[in-house]
Number of protein chains: 4
Amino acid sequence: MANADETPQTAALMGKGRMEAFSDGVLAIAITLLVLDLAIRPPGSPTDEFFRAWPSYVAYVVSFLTIGGAWIAHHSLTDRLEGVDSIFLRLNLLFLLAIAFLPFPTRLVAEALERNTDWERLAVTVYGITILATRLMFAVLVSYSRHQHLRQERADDPDLEEARRKSGVTLVAYALTIVVGLLLPIVAIVFYFALAVFLVVPFKTVARELFGRRRAA
Amino acid sequence: MANADETPQTAALMGKGRMEAFSDGVLAIAITLLVLDLAIRPPGSPTDEFFRAWPSYVAYVVSFLTIGGAWIAHHSLTDRLEGVDSIFLRLNLLFLLAIAFLPFPTRLVAEALERNTDWERLAVTVYGITILATRLMFAVLVSYSRHQHLRQERADDPDLEEARRKSGVTLVAYALTIVVGLLLPIVAIVFYFALAVFLVVPFKTVARELFGRRRAA
Amino acid sequence: MANADETPQTAALMGKGRMEAFSDGVLAIAITLLVLDLAIRPPGSPTDEFFRAWPSYVAYVVSFLTIGGAWIAHHSLTDRLEGVDSIFLRLNLLFLLAIAFLPFPTRLVAEALERNTDWERLAVTVYGITILATRLMFAVLVSYSRHQHLRQERADDPDLEEARRKSGVTLVAYALTIVVGLLLPIVAIVFYFALAVFLVVPFKTVARELFGRRRAA
Amino acid sequence: MANADETPQTAALMGKGRMEAFSDGVLAIAITLLVLDLAIRPPGSPTDEFFRAWPSYVAYVVSFLTIGGAWIAHHSLTDRLEGVDSIFLRLNLLFLLAIAFLPFPTRLVAEALERNTDWERLAVTVYGITILATRLMFAVLVSYSRHQHLRQERADDPDLEEARRKSGVTLVAYALTIVVGLLLPIVAIVFYFALAVFLVVPFKTVARELFGRRRAA
């Protein structure tokens, strides 16, 4: 019966090509749809109207980097998979559900920043919970694939290592920022921006690049 | 003349790559476009407005899971194909027509739940008929590919087996729910949610996982 | 110098993978975006409102089949290519320009059918010219790839043969329907529907299927 | 320690497939979303309304060609890559950020041309800066991939050569056109159109084609 644990697993392994294609599609569409919610509104001179819409630009950039970072992490996870099983496909679907939902709270944040603090509080909270949900679902994907031995044993992918090191910290940071957002919504937005940048920038690779170069010179 | 039945068939077999890419594209876009119809409307406090929009969240999740389930089923069907012929491409187009139409009745349902029972009745009926159409077209795809021997003989794909077992039951269930929706629209929505979950959750695999594990332990 | 005609050609041949992926993307998005223009408008009972929107459903189906038919034709053309050169990429871009524009006249037609004959005349004419432009650009792609010997010599692709046989006829038919639309816009819509069906249905394959079967039986 | 410069580089090289798929997705969606901003507005006869919307058609075509040209350049760059490293992925994300943003200034331009010169000035400036940003980010991608030796040594890709020859000139041309737009917005639009055409048309290939042909004849 010990075998029953392995054989069906292997039999169930499917090619990962279409899962990647479908995920790329959803991620690419979600990231590009964000632009539809950019809008300028009267009254004012052209320049006034344009610059008064700054909260929607900020929300746009934060969400773009957040989804972009999720894509990089997803790419570096699936790049290491031998294949996927039917449960992985479903967990991946829930991950995509959280990602595809993000344009909605992004719009809420953009609109709220032009209104009042009550609105900001609500919008920023929904925004934070959605991002936290994407991070949690991604952590579930990583943990499931490790637990089911779906991953190839290949050493030192800098992106994956980076993602693993950052994973625990960021979950806590996002949870804390949600609390901060209840009191100081604008500050929370700054934090979400900082976290998105932190997740996207490959500090270690950049450091090694700079460091290695200087030494070699 | 018996050969005429086979030779042209084989000659007509095309690579399935682009059919999969195009289908993935349409499914990924339809599932991601759903977010554009989420909106909150005055009047009320921020929290009021946000929670009053619950029907659109419910409709969003049901449609997301329905299209997600359709993608999983489609993936597991085409994964087993040797290739496609020109009739399969057209039937697939009709399947995609039903899928791509789904965001429209989803919006109708979200709007109707904020209005009155007459609206709910209409919206839920159109919604149910669209889902039934996607299921019927998928059944046609499966039956055509079996009939034309487009499928590889490979054993035990859990997703495909699961889909086959569930197929007849769900067609009947969707048809019955359409009738239920004429009387009790809200109840029908709950049923559509339950059916989407039923189609997406791979019960047998989950059971085997849990069962096998407990035994092995 | 005769060589100069061939060598650079071959050197310039690129993989067709990304051209196909990009084209699939644009075609899949254009076909799925059509749903965003479906809408029902007050006043009336739910059923009234829903059925009064019939012109937008008709326009939706005609455009869906037209783009779907264009995808099938494009698929069957590129399936036969050895590779693409830099001019093919540009011509393909113009083909995609016409396709990606189609949702706009589709919306015009849907709106016009709810207004008056002057609007119908304008909308149907713009619609027809756009479809004719997609067909012309596709004919240019086919002719360029034949002229530059980009195509593999492989016999009997039923879709390609079908497309070739239908190509000249449909260009004339679309041109004539544009003229018809100036006088009888509604009739032109019926014609566009008939032409889309005519282009999508693989009559010869269906006939052979039915004929071969009956003989074999 | 000199090795440290090379070994980690090679270890970090990843397949470029998903980066291409994701980029194709974003580019294809951005180019197709442009159609959503085409709209005609009362008052007037049908023909009046339709032709009064000419600025949105012009903006549509300029942006379509600009994104299309960016896709061709990106395609011809990545076609030559051995693989990508984690920094390339991030730089590519910034390139896509600029591309995905373009539909917003396109809409601004379309709306501004129907208003007054102050609006045109603002819209055309934002539009120009966005295009310049896409060109700059692309130049960064090219330079990074050359510097990190990510590229295969393969001779004479006409598209790449064309792009390289045009790159410096166009950066200057776009910067100058931004200045022109502050004074004469309409003239700047004409320049952006001319530049998009200039970037898309493969003059050298066309010339060789015509020239070689005439000689051979």
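**Exercise 1. Find where the predictor is most and least confident in chain A of this predicted model.**

Let's start with the two extremes. Confidence in chain A is lowest in helix α1 (residues 7–12), with a mean of 44, and highest in helix α5 (residues 86–101), with 94. Next, look at the start of the chain: over residues 1–11 of chain A, pLDDT stays under 50. For that stretch the model has eleven contacts beyond four places in sequence. Finally, take the chain as a whole: the average pLDDT of chain A is 84, and 87% of the residues score at least 70. For the complex, the predictor gives an ipTM of 0.85 and a pTM of 0.88.

**Exercise 2. Describe the make-up of chain A, from its helices and strands to its contacts.**

First, count the elements: chain A has ten helices and zero strands. Written along the sequence, the pattern is α-α-α-α-α-α-α-α-α-α. Then ask about burial: of the 217 residues in chain A, 47% are buried. Last, turn to contacts with a separation of 6 or more; in chain A, 83% of these are between residues 24 or more positions apart.

**Exercise 3. Work out how helices α4 and α7 of chain C are arranged.**

Two packed helices are described by the angle between their axes and the distance between the axes. Step one is to get both values: the axes of α4(C) (residues 54–78) and α7(C) (residues 117–147) come within 11 Å and cross at roughly 5°. Step two is to compare the angle with the cut-off: angles under 35 degrees count as roughly parallel. The two helices α4(C) and α7(C) are therefore roughly parallel to each other. Step three is to see who touches whom. On α4(C) the contact uses Thr66(C), Ala70(C), Ala73(C) and Leu77(C), while α7(C) brings Ile131(C), Thr134(C), Phe138(C), Leu141(C), Val142(C) and Ser145(C). Sorted by character, the residues of this contact are seven nonpolar, three polar and no charged.

**Exercise 4. Check whether the span of helix α7 of chain D agrees with its number of residues.**

Helix α7(D) covers residues 117–147, which makes 31 residues. At 1.5 Å a residue, these should span 45 Å. The end C-alpha atoms are 44 Å apart, so the two values agree. Just after this helix comes His149(D), whose phi is positive, near 55°.

**Exercise 5. Locate a cis peptide bond in chain C and another in chain D.**

In chain C, the cis bond joins Pro42(C) and Pro43(C), with omega about 0°. Pro43(C) sits in the loop between α2 (17–33) and α3 (46–52). In chain D, the peptide bond from Pro42(D) to Pro43(D) is cis, with omega near 0°. Pro43(D) lies in the loop between α2 (17–33) and α3 (46–52) of chain D.

Definitions and conventions
Residues are numbered from 1 along each chain as its sequence is written. Chains are lettered from A and ligands numbered from 1 in the order in which they are written. This is a predicted model: local features need pLDDT of at least 70, side-chain atom pairs count only at pLDDT 80 or more; totals for chains, interfaces and linings use all residues. Axes are lines fitted to C-alpha atoms, for helices over the stretch in contact, and angles run from 0 to 180 degrees between N-to-C directions. Helices (H or I, at least four residues) and strands (E, at least two) are DSSP runs, numbered from the N terminus. Angles under 35 degrees count as roughly parallel, over 145 as roughly antiparallel, 65 to 115 as roughly perpendicular and the rest as oblique. Two residues are in contact if their C-beta atoms, placed from the backbone, lie within 7 Å. Ala, Val, Leu, Ile, Met, Phe, Trp, Tyr, Cys and Pro count as nonpolar, Asp, Glu, Lys and Arg as charged, and the others, Gly among them, as polar. The expected span of a helix is 1.5 Å times one less than its number of residues. A residue is buried if 20 or more other C-beta atoms lie within 10 Å of its own, exposed if 12 or fewer, and partly exposed in between; C-beta atoms are placed from the backbone. pLDDT is the predictor's confidence in each residue, from 0 to 100.
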